[in-house]
Amino acid sequence: DELNELNKKAVNYLTPDYLFYINASNQEIINRINTEKKDGKLESGWDFFENWIFLQKLDNSFNVVLSNYISDKSKFNIIDTTKTTKEEAFEKFLKYLGV
């Protein structure tokens, strides 16, 4: 409840017209990071995302904050990007926007 109240204050109690939660499994995130590292495409500073416990805590935090928006299905959209390329994920996003 405190986290939600802080979040509301931070955005001056404004609510978005649309809310997109771009999701992937924690294992998928770690796999993508390792691939980007191997290909030399990853900038420094992403190492903390390789920590499984950190990813679980981050997941839980997002779920707490996002639970406030789930009741309004017209605003809330989950885009699952597990097992998709960046291009496929972008296409899913555009589909929700009707573009």
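How much accessible surface does the protein have, and what share of that surface belongs to carbon and sulfur atoms? I looked this up at the start: the accessible surface comes to about 7600 Å², and 56% of it belongs to carbon and sulfur atoms. I note here that the model is predicted.

Next I checked burial. The protein has 99 residues, and 20% of them count as buried.

Then I went through the elements. I found four helices and two strands. Read from the N terminus, their order is α-β-α-α-β-α.

I also looked at contacts with a separation of 6 or more. Of these, 67% are between residues 24 or more positions apart.

After that I turned to the aromatic rings. How many aromatic pairs are there? The count comes to two. One of them is formed by Phe20 and Tyr96, with 6.1 Å from centre to centre and 70° between the planes. I entered this pair as edge-to-face, because the angle is over 60 degrees.

Where do Phe20 and Tyr96 lie? Phe20 is in strand E1, residues 19–23, and Tyr96 is in helix H4, residues 86–97. The pair therefore ties together parts that are 76 residues apart in sequence.

Are Phe20 and Tyr96 buried, partly exposed or exposed? Phe20 has 22% relative accessibility and counts as partly exposed, because buried would need a value under 20%. Tyr96, at 40% relative accessibility, also counts as partly exposed.

Last, I checked which rings are linked by pairs. Phe20, Phe93 and Tyr96 form a cluster through ring pairs.

Key:
Residues numbered from 1 in each chain as written. Predicted model: local features only at pLDDT ≥ 70, side-chain atom pairs only at ≥ 80, totals over all residues. Heavy atoms only, no water. Buried < 20%, exposed > 50% of the residue type's maximum accessible area, 1.4 Å probe, protein only. Contact = heavy atoms within 4.5 Å. Areas by Shrake-Rupley, 256 points an atom, 1.4 Å probe, with all protein chains shown as cover. Phe/Tyr/Trp six-rings, centres within 6.5 Å; stacked < 30°, edge-to-face > 60°.
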